[in-house]
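Trainee: I've got a structure open and would like to go through it with you. Can we start with the charged pairs and work outwards?

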Amino acid sequence: MSRRYNFGQSADLLRTNPKTFLKWLAEDGIDASKQRDRADPRQKYITEEQLIQMAKQREIELHLPDPVRDQTSRSCE
């Protein structure tokens, strides 16, 4: 299963602001209103594949967090 990133995380990873991120979603044909989390409809997300595609299209170097490191750090909290 693909990892998901909320809109705030995604904008940070793409090194842009939320307004530009939403513009890019529209340019890429991603309907932001349909990107809701089923568990918490207030949260919106994109998949890792969508994020990678957005970065490639705009020639942005993307540094995704290491999933192993993320799991380890969560378990230590």
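**Salt bridges first**

Mentor: Sure. Arg 3 and Glu 48 make a salt bridge, with 2.5 Å between the closest N and O atoms. Arg 3 sits in the segment before β1 (4-6) and Glu 48 in helix α3, so the pair ties together parts 45 residues apart in sequence. Keep in mind that this is a predicted model.

Trainee: Is Glu 48 buried or exposed?

Mentor: Go by relative accessible area, where buried means under 20%. Its partner Arg 3 has 24% and therefore counts as partly exposed. Glu 48 has 16%, so Glu 48 is buried.

Trainee: How many salt bridges does the structure hold?

Mentor: Arg 3 with Glu 48 is one pair, and Arg 58 with Glu 27 is another, at 3.1 Å between the closest N and O atoms. The structure's salt bridges come to five.

Trainee: Where do Arg 58 and Glu 27 lie, and how many residues apart are they?

Mentor: Their salt bridge links distant parts of the chain. Arg 58 is in the loop between α3 and α4, while Glu 27 is in helix α2. The separation is 31 residues.

Trainee: Which residues are joined into one network by salt bridges that share partners?

Mentor: Arg 58 also meets Asp 28 in a salt bridge, 2.9 Å from N to O. Asp 28 lies in the loop between α2 and β2 (45-47) and Arg 58 in the loop between α3 and α4, so this pair ties together parts 30 residues apart in sequence. With shared partners, the network is made of Glu 27, Asp 28 and Arg 58.

Trainee: Within that network, which residue counts as buried?

Mentor: Check each relative accessibility against the 20% limit for buried. Glu 27 has 48%, so Glu 27 is partly exposed, and Asp 28 at 22% is partly exposed too. At 19%, the buried one is Arg 58.

Trainee: Let's move to Ser 10. Why does Ser 10 count as buried?

Mentor: Ser 10 belongs to helix α1 (residues 7-13). Leaving out residues up to four places away in sequence, Ser 10 touches Tyr 5, Phe 21, Ile 46 and Leu 51. Ser 10 counts as buried because its relative accessibility is 0%.

Trainee: Which backbone oxygen does the side chain of Ser 10 reach?

Mentor: Tyr 5 is among the residues that Ser 10 touches. The distance from the Ser 10 side chain is 3.4 Å, and the oxygen is the backbone one of Tyr 5.

Trainee: What about Arg 15: buried or exposed?

Mentor: Arg 15 is in the loop between α1 and α2 (18-27). Its phi is near 55°, a positive value in a residue other than glycine. Exposed means over 50% relative accessible area, and Arg 15 has 54%, so Arg 15 is exposed.

Trainee: And what is the relative accessibility of Glu 59?

Mentor: Glu 59 also has a positive phi, about 55°, although it is not a glycine. Glu 59 is in the loop between α3 (48-57) and α4 (67-76). Glu 59 counts as exposed, because its relative accessibility is 77%.

Trainee: Stepping back, in what order do the elements run from the N terminus?

Mentor: The protein has four helices and two strands. Buried residues are 29% of its 77 residues. From the N terminus, the order is β-α-α-β-α-α.

Notes:
Residues numbered from 1 in each chain as written. Predicted model: local features only at pLDDT ≥ 70, side-chain atom pairs only at ≥ 80, totals over all residues. Heavy atoms only, no water. Buried < 20%, exposed > 50% of the residue type's maximum accessible area, 1.4 Å probe, protein only. Polar contact = N/O pair within 3.5 Å; in protein donor to acceptor, adjacent residues only side chain to side chain. Contact = heavy atoms within 4.5 Å. Salt bridge = Lys/Arg side-chain N within 4 Å of Asp/Glu carboxyl O.
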